Amino acid sequence: MQTLRNKNALVTGAASGIGRALALRLAEEGSNLFLLDIDAHGLTNTVISAKQRGVAVIARPCDISQLAELEAAVAYGLDTWDHFDLLVNNAGITYYGHTEFMSGEHCEQLLAVNIHGPLQLTRLMLPTLVSRPEAHILNISSLLGVVGAPKLSVYSACKFAVVGFSEALRAEYARTNLGVTALCPGFTDTNLFDAAPLGTDRWFAKRPPSWMIGTCEKVATRAIKAIKNDEAMVVMQPYARLAHIAKRFLPGLIDFAQHLSRKRFVAKIEAPPTAEERRAAA
């Protein structure tokens, strides 16, 4: 998109984190905003801040895992503004713990919010987007959408799906006015992990080292550039790009690193108990 001024944008997950930062950056660019989030209180705060940038803002509490709520939200947005030029699929949740300790409910919730919701919303929004002179879809994925991570398998699966969905959409609409970007930031300073449900094997979600954590504002700024330049995929942060390159060109390297302790783990399982361990068990 050559310019974002006077464009109508729908942003999900706008109450906090990357979604809020993106909404405010779009407002600074002159975009009118339709904001969705399940957190009504946080959504109100974002609306107040965005309106201070001098743009039109409407909002609606919405659980994107519920198709009926998505359909109602899209209908409301189109009744209000008639068209949209930009869709930002940002809302997401995670889960931390070994997959075997994950409940079926948590698994279904992650799939519904992280992939079913964005896919359904995109489907509903495509008619208005393709009717515009220029339009764009920005799908927020993750570094974990290009490199899998332990204890985050279902989240990674969803983010891999977002990357694949973005790639397929971009190919499908390559000869039209519609651009599609998959944005894959590394770890970012949000409440994503703090709010994550845990497996029964976990007492707290392990946070990455501080040097690996970027700010929501930097992600938002890079996202604006990606939209304007119609970039296909953006992997942010140096360590994230390095991991992505290693995965592509040295596919065995990451797998080898993750298996370094496997022999020691197996040996520990198979080793007979020591005399001290037998006494403690007696």
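1. In this note, Ala, Val, Leu, Ile, Met, Phe, Trp, Tyr, Cys and Pro count as nonpolar, Asp, Glu, Lys and Arg as charged, and the others, Gly among them, as polar. The model is a predicted one. The points below cover its cavities, then three helix pairs.

2. Cavities first. Searching the whole structure turns up three cavities of 30 Å³ or more. The volume of the largest cavity is about 50 Å³.

3. Which residues line the largest cavity? They are N89, N90, A91, N114, P118, N139, I140, K159 and V162. Three elements give two or more residues each to this lining: α4 (104–130), β5 (135–140) and α5 (153–172). By class, the lining has four nonpolar residues, four polar and one charged.

4. Now α4 against α5. Their axes come within 9 Å and cross at roughly 15°. Angles under 35 degrees count as roughly parallel, and α4 and α5 are therefore roughly parallel to each other. The crossing of α4 past α5 is right-handed.

5. The α4 side of this contact consists of C107, L110, L111, N114, I115, P118, L119, T122 and L126. On the α5 side are V154, Y155, C158, A161, V162, F165 and L169. The classes are 14 nonpolar, two polar and no charged residues. Some names recur here: N114 and P118 of α4 and V162 of α5 belong to this contact, and N114, P118 and V162 also line the largest cavity.

6. Next, α1 with α2. Helix α1 spans residues 17–28 and helix α2 residues 40–51. They pack at an angle of about 20°, and their axes are 9 Å apart. That angle makes α1 roughly parallel to α2. α1 passes α2 in a right-handed crossing.

7. What makes the contact between α1 and α2? From α1 come R20, A23, L24 and A27. From α2 come N45, T46, S49 and A50. This contact of α1 with α2 has four nonpolar, three polar and one charged residues.

8. Last, α1 with helix α6, residues 216–229. The two axes come within 8 Å and cross at roughly 50°. Is α1 parallel or oblique to α6? The crossing angle makes α1 oblique to α6. Its handedness is right-handed, with α1 passing α6.

9. In this pair, G17, I18, A21, L22, R25 and L26 of α1 meet C216, E217, V219, A220, T221, A223 and I224 of α6. The contact of α1 with α6 counts nine nonpolar, two polar and two charged residues. R25 of α1 and E217 of α6 are among the residues that meet here.

10. Helix α1 thus takes part in two of the contacts described. R20, A23, L24 and A27 of α1 serve the contact with α2, while G17, I18, A21, L22, R25 and L26 of α1 meet α6.

Notes:
Residues numbered from 1 in each chain as written. Predicted model: local features only at pLDDT ≥ 70, side-chain atom pairs only at ≥ 80, totals over all residues. Heavy atoms only, no water. 1 Å grid on protein atoms, 1.4 Å probe; cavity = no way out; pocket = protein on both sides within 12 Å on 5 of 7 lines; lining within 4 Å. Points joined across faces, edges and corners; volume = space filled by probe spheres on them. Helix = DSSP H or I, 4+ residues; strand = E, 2+ residues; numbered from the N terminus. Axes fitted to C-alpha atoms, helices over the stretch in contact; angles between N-to-C directions. Parallel < 35°, antiparallel > 145°, perpendicular 65-115°, else oblique. Left-handed = near helix turned anticlockwise from the far one by under 90°. Contact = heavy atoms within 4.5 Å.
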